[in-house]
Amino acid sequence: MSRKEQIEKTATALFRTKGYSATSMRDLANALGIEAASIYSHIKSKEEILQRVCFKMAQEFFEAIDAAEATERSATDRLKRAIAAHVQVLTQNTEAAAVFLHEWRHLSEPMHSTYLSLRDKYEARFREIIRSGISNGEFTVPDEKFAALTILSGLNWTHTWYKPNGKMTPAEIADNLTEMLLNGLSTKKQALQDTYSHLNTP
């Protein structure tokens, strides 16, 4: 890696463990084993790193959902692929994912507003998939925005517990999350009721 890439990688790890506000340039320099002053020959500020991490992750999420929707499929298939794509991005770099999801609040203007706009556009892609599923009878939900936010909220905790050497691969995690989340959207509720009927058995 170049020195700039090393700085970004180390800073991302510190932002995740200590938080952006609590991480100083001295902390970063100590972690890298260099003088704090020498960092400024590679970056302008601590926030420059936060911006790079947040907007690089945003680009990855958009590229992933673009690929998920690249072909004509049912709303169910597109939603499954969108969920899998989201999980894949989250698990590729859990440190960057954590910073993207939790430290964006420290972005200053105009980057703060730009981030929020991108987040809204990304959420809208999920709402559109759900809306199309409602219109053709695949899904039954009272509020598409609530459904989209519920799905994304459920997915966005993945980085906190995912382990590369854990029991499930990212694809298996996506399959399991999809099964749990989409059962709540399915019009075939009897199948879901049968699955969980044993929970009410004495």
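**Exercise 1. Find the stretch of the chain where pLDDT stays under 50, and say how many contacts beyond four places in sequence the model has for it.**

Solution. The stretch is residues 190–202, over which pLDDT (the predictor's confidence in each residue, from 0 to 100) stays under 50, and for these residues the model has 1 contact (heavy atoms within 4.5 Å) beyond four places in sequence. Where pLDDT is low, the predicted coordinates should not be read in detail. This is a predicted model, in which local features need pLDDT of at least 70 and side-chain atom pairs count only at pLDDT 80 or more, while totals for chains, interfaces and linings use all residues. Residues are numbered from 1 along each chain as its sequence is written, and side-chain values use heavy atoms, with hydrogens and water left out.

As a next step, set this stretch beside the rest of the chain, which averages a pLDDT of 89, with 91% of the residues scoring at least 70. Among the elements, helix 11 (residues 189–196) has the lowest mean pLDDT, 46, whereas helix 6 has the highest, 97.

**Exercise 2. Describe the overall make-up of the chain: how many helices and strands does the secondary structure come to?**

Solution. Begin with the count, which is 11 helices and 0 strands; here helices (H or I, at least four residues) and strands (E, at least two) are DSSP runs, numbered from the N terminus. Then take the extent: along the principal axes, the C-alpha atoms fill a box of roughly 65 × 40 × 25 Å. Of the 202 residues, 40% count as buried, where buried means under 20% relative accessible area, exposed over 50%, and partly exposed in between (1.4 Å probe, protein chains only). Finally, among the contacts in the chain with a separation of 6 or more, 70% join residues 24 or more positions apart.

**Exercise 3. Work out which residues touch the most other members of the largest nonpolar core, and which helix gives the most to this core.**

Solution. A nonpolar core is a set of buried Ala, Val, Leu, Ile, Met, Phe, Trp, Tyr and Cys residues joined through side-chain atoms within 4.5 Å. The largest one has 56 residues, and Leu28, Ile39, Leu79 and Phe126 touch the most other members. Several helices each supply at least two residues, including helix 1 (3–18), helix 2 (25–32), helix 5 (75–92) and helix 10 (170–183), but helix 4 gives the most, with 12 residues.

Now look at single residues, not counting as partners any residues up to four places away in sequence. Ile39 touches Ile7, Met25, Leu28, Ala29, Leu32 and Ile34. Ile43, in the loop between helix 3 (36–39) and helix 4, counts as buried because its relative accessible area is 3%, and its partners are Lys4, Ile7, Met25, Glu48 and Ile49.

**Exercise 4. Decide how many of the residues of helix 6 are buried, and which helices they pack against.**

Solution. First count: 7 of the 9 residues of helix 6 are buried, so that the helix is mostly covered. These residues are Thr94, Ala96, Ala97, Ala98, Val99, Phe100 and Leu101, and they pack against helix 1, helix 4, helix 5, helix 7 and helix 9 (158–161).

Next, follow two residues across this packing. Ala98, in helix 6, counts as buried because its relative accessibility is 6%; beyond four places in sequence it touches Arg16, Glu103 and His159. Ala98 and Arg16 are 82 residues apart in sequence, yet their C-alpha atoms are 6.2 Å apart in space. Thr12, in helix 1, touches Val53, Glu95, Ala96 and Val99, again beyond four places in sequence.

To finish, move past the end of the helix: Pro110 lies in the loop between helix 6 and helix 7, and the peptide bond that leads to Pro110 from Glu109 is cis, with omega near 10°.

**Exercise 5. Identify the helix that gives the most residues to the lining of the largest pocket.**

Solution. A pocket is, on a 1 Å grid over the protein atoms alone, an open set of points where a 1.4 Å probe fits, with protein on both sides within 12 Å along at least five of seven lines, and lining residues have an atom within 4 Å of a point. The largest pocket holds about 450 Å³ of space, a volume being the space filled by probe spheres set on the points, which are joined across faces, edges and corners. Of the 19 lining residues, Leu101, Arg119, Glu123, Leu152 and Asn156 are the closest to its centre. Helix 4 (46–68), helix 6 (94–102), helix 7 (111–135) and helix 8 (144–155) are the elements that give two or more residues, and helix 7 gives the most, with 5 residues.
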